[in-house]
Amino acid sequence: MYEVIITRPRTLAEAIDLLGSDESQPLAGGQTLIPTMKQRLAAPETLVSLSGVKELAGITRGDGEITIGATATHAEVARELADSYPALAALAGNIGDPAVRNRGTIGGSLANNDPAADYPAGALGGNATIITNDREIPADQFFGGMFTTALLEGEIITAVKFPLPDAAAYAKFDQPASRFALAGVFVARFGDVVRVAVTGASEEGVFRWEAAEQALSGDFSAAALDGMKPDAVGMIGDLHGSPEYRAHLVGVMARRAVAVAAG
Amino acid sequence: MPADGGIGASTRRREDVRFLTGQGRYTDDINIHNQAHVFFLRSDMAHGRINGIDISAAEKMPGVLKVFTAADFAEVGGIPCGWQVTDRFGEPMQEPKHPVLAEGFVRHVGEPIAAVVADTLQQARDAAEAIEVDIEALPAVVDMAAALEDGAQKVHEDLKSNLCYDWGFVEENRDAVDEAIRKAPHVTTLELVNQRLVANPVEPRVAIGVHDRADDEYTLYTTSQNPHVIRLLMGAFVLGIPEHKLRVVSPDVGGGFGTKIFHYQEEAFCTFAAKVVNRPVKWRASRSEAFMSDAQGRDHVTKIELALDEEGHFLAIRTSTLANMGAYLSTFAPSVPTWLHGTLMAGNYRTPLIYVNVRAVFTNTVPVDAYRGAGRPEATFQLERVIDKAARELGIDPVEIRRRNFITEFPYETPVALTYDTGDYHATMDKLMELADRDGFEARAAESKKRGRLRGFGVNCYIEACGIAPSNLVGQLGARAGLYESATVRVNATGSVTVMTGSHSHGQGHETAFPQVIASMIGIDPSQVEIVHGDTARVPMGMGTYGSRSLAVGGSAMVRAAEKVIDKARKIAAHLLEASAEDIELKEGRFTVKGTDKSVAWGDVTLAAYVPHNYPLEDLEPGLEETAFYDPANFTYPAGAYACEVEVDPETGKVTVERFAAVDDFGTIVNPMIVDGQVHGGLGQGIGQALLEGCVYDDEGQLLTASYMDYAMPRADDLPFYSVDHSCATPCTHNPLGVKGCGEAGCIGSPPTIVNAVVDALQRAGHDVTHIDMPLTPSRVWAAMQG
């Protein structure tokens, strides 16, 4: 790691102000940024730690929705949402290991948009709204391919708002080494509308599997997806699995998620 | 369990108190006043010609003491290889120079090109970024078969080719084996890969070099399994430091698995640089450096043919293997695919004719050397896989075909040069069938099927040769070292005992097990015995710990020294008791005149040895301290039979290990709990190889699995509960304790067990799959099922 200055603002205004400089970067849980800096692959001059900003903390329940502060850790979400949104709680409770879950945050994960991370599937499949210091961005407009989001320079996520679904589940097949998703599918049903979001599989990052959504909107059962899988073209191929294998896994994980959600 | 904590007691490991409470003393815990730090600039290219290195900017960076390149090492030797293999034609292997810092070329990703020594590690690292290296890329040699083609790019320009050696064993049997295979009623052929692995001890390598100008003496603190071997290799062959001026210390070491046997450039560098900069120089590998600089393991590509008669009796075995050496020869690399592999090809079976061919190949990859099991897992894997395939082809039960070929009479001379002293393979298999509950398998398979899972049963036998010996034989085989072990047993005046052993513990529990032996021999409490190891200034010249040799060889040396001590103490006791030494027996810590109640306590005798007032000074020197060097007459031959049941998820290809039973014959067991732990650890590593681990380079020689993001280590939830049994013991006939060694068995026997079980599961479900190469990842198993 190169030398770096860490600032710890207490308010959102102070944080936004500190982020005004070109050479500064927000630091949430640090589960991606710190290892990258230790390898000297990133070298921000100033880190603006968000963990002490009170506006970003906490989880609140509204009418038919839950708003999760950007600095809520995965462990916090897993614990707090166990009853109110078990699918999202289970997703959060299976990210990384306990150390990661007690440091990593929902805001950090979504802003990073790792193509194999779990939260992007939860946010996109769960039809979340990403709230920033400046605006509200629907998940459908937030994710822009691997490690790319709609966030602008100096803009930070302050909270994520999830409407409560009638049924939802997340099924993930682990990459054997990292235990990131080789294919992870988040399925949520809101009345007649079904959303299916896939992470880990595509070279374009998280995406909605529309054919599956259509099949499920009339018949919310695993059988509705029998024999279905997305096109292998555009899927990631690496030493952990070919594009064909990933496409196949998406079908399997989608059926498993639906089976749980519909069960 | 003996109440006295002696041989056979599952005594809790005394060293664990310090390990588990953060009191361990590892090399990185050592910080020497005024030490400087080194950062190695390593090649990010697999193969290239160094046209120039500009260190001028780096030298001016803050805190920099000196920037080293190959030019600074012009007067010192290369890193030596400790084993010379002679090829089929009687010629010595090709042996390239292995420089401390890259000389003219880089030959693998991670090879050190330059080294910056600075006040702080941060400064050294900053300065390393200011070094400008002009490297012209050369084609990388990665694939072994391609490396041996005519006109292939050479890894070493000054060698004839990329072939290190072409070894045949037993060469005289070659024609007879060919003929037997030609004439055999049935030949089963299997081509397979034993993939490359990274050892991954928890503690990365560390080295601290110290030079004392006052006496011109050097000390190297290093994470080694064998400090005397490092002292000899580095002192005599690399730096030219006489041994009496060089001390090597290996304190607590956090796991070795073979990769800490070898002498590495970083050790030589720190020792050398300490004198040049006149400061202690410290280096600690990052995990990334460990991935690209610790010697790696396995990496064999093999074709094996097994000839059988109609009843499934083995007639002949022929194997052809390409063994990857990497870019340079690591310390014992040439011995692994030859003498630690070819000699094991008989397994537990009567096969009259065997021929093993191994071609060792240089590639632009990290050097490969011994990794837990070293050659024996490779031999066992191919043999037990081809037997399983043959059984299926001939319609013979896999357990039955093994039983039909078991060696039953001992000693047994194999056609590949070994003489097994003891064993009872049928008894071991009987016990395994009971422990694994094979009779209950079908019911469990039916239950799995209800849950949509495919269940398979795999069985496997193994034999290994531990405690490589005797030294005069291994010398003929090419070893450039002796393979004895040493011990000094120092009895203190009040009767407590300090044992200085040449064995080295890096997780094996010597500090607990060795005192149990002494306690049993003398009849004192084990707490009265202390083990000293890992310091060339404190222990006699020893060969260290690897190849499951500590108790079999090091323990034997300790027993021999203790016998000498007891013999002398008996004479002192005879004097004190005014009896003849022949009439004195040592029991429960007292010397007694046989048939009388006249006795003297151990402590009184030891006190007399050091306060010799009433003492036979005319016949006996005072003091009670003896040293023994033990050179075994033969290898020891632990053997066992393993069985497992796996479930395959047919939708994803994911394999889970549901049951695992291991029956091992380790001979006499000193501490059953430690042995259980060694077996558990070995099984974990073997299951890791079978299902998860694999070191992969791309065509450019870039290491794709350079971190735990891509190199899959087994985690607790990847492993089943094990059923282990050691009751079928046939003690070794030629060492004083009857012990055989248990450190590697688990990782030798488990990979073929798992693969056999997965193939069984798939075949039972109607898939025409006869083999899948390890690791059996979900994607590979799924692909195999697609046909």
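**Domains, interface and cavities of a two-chain model**

In this predicted model, the centres of domain 1 of chain B and domain 2 of chain B, taken over C-alpha atoms, are separated by 39 Å. These two domains bury about 1,400 Å² between them, with 55% of that area on carbon and sulfur atoms, while chain A and chain B bury about 1,900 Å² between them, 49% of it on carbon and sulfur atoms. The model also holds five cavities of 30 Å³ or more, and the largest of these encloses about 140 Å³ of space.

**Domain layout**

- Chain B is divided into domain 1 (15-23 + 484-630), domain 2 (31-138 + 202-255 + 260-293) and domain 3 (297-468 + 634-785), each of them written as separate segments of the chain.
- Chain A is likewise divided into domain 1 (5-49), domain 2 (54-163) and domain 3 (167-262).
- Within chain A, the centres of domain 1 and domain 3, taken over C-alpha atoms, are 34 Å apart.

**Contact between domain 1 and domain 2 of chain B**

- On the domain 1 side of chain B 18 residues take part, and they are in contact with 19 residues of domain 2 of chain B.
- Of the area that domain 1 of chain B buries against domain 2 of chain B, His506(B), Thr536(B) and Met541(B) supply 41%, which is more than any other three residues.
- Two salt bridges are counted between domain 1 of chain B and domain 2 of chain B.
- A salt bridge joins the side chains of Arg247(B) and Asp535(B), with an N to O distance of 2.7 Å.

**Interface of chain A and chain B**

- The size of an interface is often given as the accessible area lost when the parts come together.
- For chain A and chain B that area is about 1,900 Å², and the contact takes 24 residues from chain A and 24 residues from chain B.
- Six salt bridges are found across the interface of chain A and chain B.
- Arg179(A) pairs with Asp718(B) in a salt bridge, in which the closest N and O atoms are 3.2 Å apart.

**The largest cavity**

- This cavity, with about 140 Å³ of space, is lined by 19 residues, of which His98(B), Tyr264(B), Gln265(B), Ser293(B) and Pro367(B) are the closest to its centre.
- Its lining draws at least three residues from each of domain 2 and domain 3 of chain B, and α7 (265-277) and α8 (287-293) of chain B each supply at least two residues of that lining.
- By class, the lining of the largest cavity consists of seven nonpolar, eight polar and four charged residues.

**The second largest cavity**

- The second largest cavity has a volume of about 60 Å³, and among the residues that line it are Arg298(B), His300(B), Asn324(B), Met325(B), Pro337(B), Asp369(B) and Glu378(B).
- The elements that give two or more residues to this lining are β13 (297-308) and β14 (314-326) of chain B, and β14(B) gives the most, with three residues.
- Sorted by class, the lining of the second largest cavity divides into six nonpolar, two polar and three charged residues.

Key:
Residues are numbered from 1 along each chain as its sequence is written. Chains are lettered from A and ligands numbered from 1 in the order in which they are written. This is a predicted model: local features need pLDDT of at least 70, side-chain atom pairs count only at pLDDT 80 or more; totals for chains, interfaces and linings use all residues. Side-chain values use heavy atoms; hydrogens and water are left out. On a 1 Å grid over the protein atoms alone, a cavity is a set of points where a 1.4 Å probe fits but cannot get out, and a pocket is an open set with protein on both sides within 12 Å along at least five of seven lines; lining residues have an atom within 4 Å of a point. Grid points are joined across faces, edges and corners, and a volume is the space filled by probe spheres set on the points. Helices (H or I, at least four residues) and strands (E, at least two) are DSSP runs, numbered from the N terminus. Ala, Val, Leu, Ile, Met, Phe, Trp, Tyr, Cys and Pro count as nonpolar, Asp, Glu, Lys and Arg as charged, and the others, Gly among them, as polar. Domain bounds come from an automatic or database domain assignment. Contact means heavy atoms within 4.5 Å. Buried area is the accessible area (1.4 Å probe) that two parts lose on being put together, summed over both. A salt bridge is a side-chain nitrogen of Lys or Arg within 4 Å of a carboxyl oxygen of Asp or Glu.
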